[in-house]
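Here are my notes after a look through the model, in no particular order of priority. Have the structure open while you read.

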Amino acid sequence: MQQLRRATALVVLGWLVAALALTGSAASAESAAAAEARTVRVGTEGTYPPFTFHDPDTDQLTGFDIEVIRAVADEAGWDLEFVEAPFDSIFPALDSGRVDVIANQITINPEREARYLFSTPYTYSRGVIVTAAGNEDVKTLDDIDGLVAAESETSNWAQVARDAGAEIRVVDQFAQAAELLVQGRVDVVVNDNIAVLDYLASTGSDEIEIVGEAGDEVSKQALTFRQDSPELQQEADDALTQLTDDGTLAKISEKYFGADVTVEDAAKVTDVKGSDTRSTTEIVQDAAWPMLRALLIYTIPLTAASFAIGLVLALVTALARMSSNRLVQLPARIYISAIRGTPLLVQLFIAFYGLGQVGLKLSPVGAAILALSLNVGGYAAEIIRGSILSVPRGQYEAATTIGMRYPQLMRRIVLPQAARIAVPPLSNTLLSLIKDTALTSIILVPELLRQATNAASSSGQFMPLYLFAALYYWIVCFLVSQAQGPLEKRLGRYAA
């Protein structure tokens, strides 16, 4: 009975240590964020040329909106920190306090005005309707009723297409929408005329074309703030007024569009030079290092940290699951069931956006490690439990007969053999984890897949860039799998 009590105490202590470790890292992340209070964090896609994209030559974030917000920051005295995310993740990032302002051609509409603060508009643009080349059936918004349109879910253009009766297929960026048009998977795309002209100039594509304007209304784009940031909005307005008066905004606009789109009666933009006119080989060569850097800085460390923490959680959970004490066993059952019964993507959203709304604001990397570790812990717990149960029962009885206590029995007899049994399934878990890190791009982690997407957004070269990303993942997985054999052989000496 005394041995059982000690084992139970060890299990409970393990749970507490794991929980304190995770909570401690959250508190550290929150303290770091508070220390950077004056730094203004800017949410932007980084994949919407020519407004926000990565320079093909330098890989630096650039574009019309980026230069505008930098000019505003110079006037307002802000230090900027850019946070890149898919368009549909930018508003949740603003809501949860992950960013302080959005600079991404956000169109002002009544629904957004009711929820956010907007600066003075700095772009006036028109929407256009895009179809596959040769489509004679669509000329106006009235013609897209019942058709399928590819749009970012929360974009203003998605609402325009939806109001016209189109069925929406959600994409992250215009390049993806254009590719769906070319492949005949959707019928139409509604988007900003400048973005479409930039895509046509960059890719040289003659497979899609602008067939008409999306109404007569001129859209106004502005910097977007939370309702609790009126001081930032006022500082931005003051800066924009100064930049308009001294001609800086007009100069930036002329640089990108050959026309001043920062005034309401702007000349119509008909010619854009294109933000990326490299060959496919040049695009892949230029993307190779940023993708490798993301692999080394984010993908591999995320995998290593999450797997290590996840294994500790798994061992503790497996022992708790095997306990005869129901108070210890029940939390383990609930944890395993919750992890195995929910998608990893949902777990990432909860760790990043959900916890942020209840005051536990983790960094993107911190949230990714938390979600991935919990996921690994839930799945690996059952692997470890099954491995422990696979050790012949007679060995327990023999060890007890010679006077071994429970901790000694587990450490010297059971766990070494269970480790050998668990190596193959745990290797599969590790390989899955390496690939699952690609999902963390949705919570603002600039990992390997995100870098491939950045390169593809301006060039439209999805096949070569995603194949190159797949090659990187395969190399890492291959190297990891090569370590499985020697590890099995090393642990095999403990097998009975």
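1. Start with D100 and R41, which are both buried. This is a predicted model, and in it the two side chains form a salt bridge with 3.0 Å from N to O. D100 sits in the loop between α3 and β5 while R41 belongs to strand β1 (residues 39-44), so the bridge ties together parts that are 59 residues apart in sequence.

2. D100 has another partner: R226, with the closest N and O atoms 3.7 Å apart. Here the link spans 126 residues, from the loop between α3 and β5 to the loop between β13 (219-225) and α8 (230-245). Why call these two buried? The cut-off is under 20% relative accessible area; D100 comes in at 9% and R226 at 16%.

3. For a contrast in setting, look at K139 and E136, whose closest N and O atoms are 3.9 Å apart in a salt bridge. K139 is partly exposed at 42% relative accessible area, and E136 counts as exposed at 59%. Back with the buried pair, salt bridges with shared partners join R41, D100, R226 and D228 into one network. The count of salt bridges comes to nine.

4. Now the nonpolar side. The largest core has 54 residues, and the members touching the most others are I388, V414, I443 and L444. Several elements supply at least two residues each, among them α3 (87-95), β5 (101-107), α10 (280-322) and α13 (364-390). Which helix gives the largest share? That is α13, with twelve residues. V414 touches I388, V391, Y396 and L409, leaving aside residues up to four places away in sequence. There is also a second, separate core of 45 residues, which includes V72, W78, V211 and Y256.

5. One polar detail: Q417, in helix α15 (residues 406-436), is buried at 8% relative accessibility. The Q417 side chain reaches the backbone oxygen of I413 at 3.0 Å.

6. On the outside, L471, W474, I475, F478 and L479 make a nonpolar surface patch of about 500 Å². F478 lies in helix α17 (residues 462-482) and is partly exposed, with a relative accessible area of 38%. In soluble globular proteins, nonpolar side chains tend to be buried together.

7. Overall numbers, for your notebook: 18 helices and 13 strands, and 50% of the 496 residues count as buried. The exposed surface is about 22,800 Å², with carbon and sulfur atoms supplying 56% of it. Among contacts with a separation of 6 or more, 74% are between residues 24 or more positions apart.

Notes. Residues are numbered from 1 along each chain as its sequence is written. This is a predicted model: local features need pLDDT of at least 70, side-chain atom pairs count only at pLDDT 80 or more; totals for chains, interfaces and linings use all residues. Side-chain values use heavy atoms; hydrogens and water are left out. Patches are made of residues with over 30% relative accessible area and no salt bridge: like charges are joined within 9 Å, nonpolar side chains (Val, Leu, Ile, Met, Phe, Trp, Tyr) within 5 Å. Accessible areas come from the Shrake-Rupley method with a 1.4 Å probe; for residues, only the protein chains shown count as cover. A salt bridge is a side-chain nitrogen of Lys or Arg within 4 Å of a carboxyl oxygen of Asp or Glu. Helices (H or I, at least four residues) and strands (E, at least two) are DSSP runs, numbered from the N terminus. Buried means under 20% relative accessible area, exposed over 50%, partly exposed in between (1.4 Å probe, protein chains only). A polar contact is a pair of N or O atoms within 3.5 Å; within protein, one must be able to donate a hydrogen and the other to accept it, and residues adjacent in sequence count only if both atoms are side-chain atoms. A nonpolar core is a set of buried Ala, Val, Leu, Ile, Met, Phe, Trp, Tyr and Cys residues joined through side-chain atoms within 4.5 Å. Contact means heavy atoms within 4.5 Å.
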